[in-house]
Amino acid sequence: MENSEKLKNSKEVIAYLAERFPQCFIADGEAKPLKIGIFQDLAAQLGEDPKVSKTLLRTALRQYTSSWRYLHGLKAGQTRVGLDGEACGELTEEHVEHAKGALKESKEKVFGARKDKPAAKKAKPKAKAQPKSESKAKLESQPAAQPQAKQQPVDPATLKVAQDVRVLLGSSPVAATVKEITRDDVQVELKTGLSLRVKFEHLIL
C-alpha cells in the first residue's frame, strides 16, 4: 500500500519532487533551470495528491529556486525544462544576470560578517633568547621559509561547484571536489569516491 503520509517541510517536498519528476528536479548537485510557470504544472499534476499541500509546494519551490545550487545552474545557453525534462525555452541574459546578482548578494549576507572579522592568529610561543652568534648561525643553516600556500583557507564567497579543494581530515589534508554549496556547509567528493558534508573552515586550497 502506498504511503500517503503528508509531507512536513520543504526538504521533504523537494525530495518527493525529485522522485516524481527526476528529469526536472534534482535532489543533489547543480539543478536544472525550471520552466517559467512550473508551479501551475505541478499544481495540476499534484492536485489530487494527499501528500502535498499547495502552500507547502509553493514554499518548497521558492526555496529550491533561490538555493545556491539552483542559481549556480542558471548560465547563458542553458535550456529551461518542464516536468518531464522537455525543453521549455532558453535562459535569457536578463535571467542569468539576475541569478548572478542574487547568488552574490546571498553569499555576501552569509559571509560578509565573517570577512569583516579576520580570524585571530594564534600567538606563537617565543623562542628562548640565544647568543647572537649562535642564533645567526642557526638561521643561516636553515632553508628559506616556505610561503604560506601550504594551507591556504578557502574563501567561501568565491567557492564554486566542481572546484578542487583539500579537506582537513585527521592529520593530513585529503584531495576532494566540491559537489554542492549550501549556506551552512559544503558537500564534497573525495578521490576515493566517498561523499561527505563539511564546514567551510575544514576546507583549504
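## Salt bridges

Lys 35 has a relative accessible area of 25% and is therefore partly exposed. Its side chain meets that of Asp 41 in a salt bridge, with an N to O distance of 2.7 Å. Asp 41 is likewise classed as partly exposed, because its relative accessible area is 23%. This is a predicted model, and a search of the whole structure finds five salt bridges.

Another of these pairs joins the side chains of Glu 30 and Lys 75, at 3.2 Å from N to O. Distant parts of the chain are linked by this pair: Glu 30 belongs to the loop between α1 (10-20) and α2, Lys 75 to the loop between α4 (68-72) and β1 (79-81), and the two positions lie 45 residues apart in numbering. Glu 30, with a relative accessible area of 30%, is partly exposed; Lys 75, at 40% relative accessibility, also counts as partly exposed.

## A pair within helix α5

Lys 109 and Glu 105 form a salt bridge in which the closest N and O atoms are 3.9 Å apart. The two residues are four apart in helix α5 (residues 93-116), so about one helical turn separates them. Lys 109 counts as exposed because its relative accessibility is 65%, whereas Glu 105, at 46%, counts as partly exposed.

## Aromatic pairs and cluster

The count of aromatic pairs comes to two. The ring centres of Tyr 64 and Tyr 70 are 5.7 Å apart and the ring planes stand at 50 degrees, so this pair is tilted. Both Tyr 64 and Tyr 70 are buried. Ring pairs join these two tyrosines with Phe 25 in a cluster.

## Charges over rings

Two aromatic residues, Phe 39 and Trp 68, are considered here for the charged side chains placed over them. Over the ring of Phe 39 sits the charged end of Arg 58, 4.1 Å from the ring centre. Over the face of Trp 68 lies Lys 107, at 5.7 Å from the centre of the ring.

## The surroundings of Val 52

Val 52 is located in the loop between α2 (38-45) and α3 (54-66). Its relative accessibility is 9%, and Val 52 therefore counts as buried, the limit for that class being under 20%.

When neighbours within four places in sequence are left aside, the contacts of Val 52 are Leu 7, Val 13, Tyr 16 and Leu 57. Val 52 and Lys 8 are 44 residues apart along the chain, and their C-alpha atoms are separated by 8.7 Å.

Notes: Residues are numbered from 1 along each chain as its sequence is written. This is a predicted model: local features need pLDDT of at least 70, side-chain atom pairs count only at pLDDT 80 or more; totals for chains, interfaces and linings use all residues. Side-chain values use heavy atoms; hydrogens and water are left out. Rings of Phe, Tyr and Trp (its six-membered ring) pair if their centres lie within 6.5 Å; planes under 30 degrees apart count as stacked, over 60 as edge-to-face and the rest as tilted. Buried means under 20% relative accessible area, exposed over 50%, partly exposed in between (1.4 Å probe, protein chains only). A charge sits over a ring if NZ of Lys or CZ of Arg is within 6 Å of the ring centre and within 35 degrees of the ring normal. Contact means heavy atoms within 4.5 Å. A salt bridge is a side-chain nitrogen of Lys or Arg within 4 Å of a carboxyl oxygen of Asp or Glu.
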